[in-house]
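Student: Hi! I have a new structure to look at and could use some company. Can we go through it together?

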Amino acid sequence: GIEVWPAVPVTSEDEAVAAAVELGYPVVLKSAVERLVHRTDLGGLRLTLENEHALRTAYLSMSATLPPEASGRLVVQRMAPPGIACVAATTEDPLFGPVVSFRLGGIYPEVLGDIAYWIPPLTMRDARSLISAPKASALLTGGPLLDRTVPEAVDLDALVDLVARLGQLADDLPEVAFMELNPI
């Protein structure tokens with residue numbers, strides 16, 4: 001019950017444009033190399049490409065500037081609507097078994113250790129507690145975000161449901177050693 005948006009591998013500008021037409025603009029162009037996949041600061045991700053010209057420009061730029069192992073592994077994906085990016089993951093710990101984590105997106109929550117953990121199974125109440133545990137989670141309910149507030153469209157119930165489903169998946173399938181949903 002967890003929907004994952006398709007990421008279409010592309011090896012040319014024309015393939016990137018064809019993928020974008022199929023998925024619908026705006027799109028994201030990103031490297032499939034793990035260390036670059038979410039890193040705009042390292043050139044591995046171009047967001048909100050609204051049209052063919054923007055996509056072709058991004059493709060040429062990334063192909064020219066990324067290391068060879070990354071420039072040959074690009075994917076096009078539909079752009080998520082504006083909101084607060086979140087990350088949920090599960091990993092199989094040798095002592096505890098499955099462990100589910102939740103944090104807000106970006107590098108700062110990870111660097112600052114603002115991540116919450118829970119051991120499945122997760123009830124809906126547990127999932128809500130997990131989501132509210134990081135200090136930055138106040139942003140999900142309208143806390144201050146620089147000089148503006150979070151849009152009221154944050155669907156906490158849907159986020160709770162998704163995290164509960166991830167916990168169920170982790171509990172039911174111990175052969176899944178690691179899974180990260182990023183961004184949510």
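Tutor: Happy to; we can talk about the cores, a surface patch, one buried residue and some salt bridges. Keep in mind that this is a predicted model.

Student: Good to know. Which residues touch the most other members in the largest nonpolar core?

Tutor: Those are V100, F102, L130, I131, L140 and V163, out of 21 residues in that core. Two or more residues each come from β5 (86–93), β6 (97–104), α5 (124–132) and α6 (156–172).

Student: And which element gives the largest share?

Tutor: That is α6, with 7 residues.

Student: Let me zoom in on V100. What does V100 touch, leaving out residues up to four places away in sequence?

Tutor: Counted that way, the contacts of V100 include A89, T90, A116, Y117, W118, P120 and L122. V100 also touches L130, V163, L166, G167 and A170.

Student: How many residues are in the other core?

Tutor: That core, which lies apart from the largest one, has 19 residues. Among them are V10, A20, L29 and L66.

Student: Let's move to the outside. Which residues make the nonpolar surface patch?

Tutor: I107, Y108, V111 and L112 make a patch of about 480 Å². I107 sits in helix α4, which covers residues 107–112.

Student: Why does I107 count as partly exposed?

Tutor: Because its relative accessibility is 36%, and partly exposed runs between 20% and 50%.

Student: New topic: Q77. Where is Q77, and is Q77 buried or exposed?

Tutor: Q77 belongs to strand β4, residues 74–78. Q77 counts as buried because its relative accessibility is 14%, and the cut-off for buried is under 20%.

Student: What does the side chain of Q77 reach?

Tutor: One partner is the backbone oxygen of W5, at 3.1 Å. There is also a polar contact of 2.6 Å between the side chains of Q77 and K30. If we leave out residues up to four places away in sequence, Q77 touches W5, P6, A7, L23, V27, V28 and K30.

Student: Now the charged pairs. How many salt bridges are there?

Tutor: The count comes to 6 salt bridges. One of them joins R56 and D14, with the closest N and O atoms 2.9 Å apart. That pair links distant parts of the chain, since R56 is in helix α2 (residues 52–65) and D14 is in helix α1 (residues 13–23), 42 residues apart.

Student: Are R56 and D14 part of a network, and which residues are in it?

Tutor: The network of salt bridges links E13, D14, E52 and R56. As for accessibility, R56 is partly exposed at 23% relative accessible area, while D14 is exposed at 52%.

Student: What about R128 and D157?

Tutor: Their side chains meet in a salt bridge of 2.7 Å, N to O. R128 lies in helix α5 and D157 in helix α6, so this pair ties together parts that are 29 residues apart in sequence. R128 counts as partly exposed at 39% relative accessibility, and D157 counts as exposed at 51%.

Student: One last pair: how far apart are the closest N and O atoms of R165 and D161?

Tutor: They are 2.9 Å apart, in a salt bridge. R165 and D161 are 4 residues apart in helix α6, so about one helical turn separates them. R165 counts as partly exposed at 38% relative accessibility, and D161 counts as partly exposed at 28%.

Student: Thanks, that helps me find my way around!

Note on methods: Residues numbered from 1 in each chain as written. Predicted model: local features only at pLDDT ≥ 70, side-chain atom pairs only at ≥ 80, totals over all residues. Heavy atoms only, no water. Core = buried A, V, L, I, M, F, W, Y, C linked by side-chain atoms within 4.5 Å. Buried < 20%, exposed > 50% of the residue type's maximum accessible area, 1.4 Å probe, protein only. Contact = heavy atoms within 4.5 Å. Patch = residues over 30% accessible without salt bridge, like charges linked within 9 Å, V, L, I, M, F, W, Y side chains within 5 Å. Areas by Shrake-Rupley, 256 points an atom, 1.4 Å probe, with all protein chains shown as cover. Salt bridge = Lys/Arg side-chain N within 4 Å of Asp/Glu carboxyl O. Polar contact = N/O pair within 3.5 Å; in protein donor to acceptor, adjacent residues only side chain to side chain.
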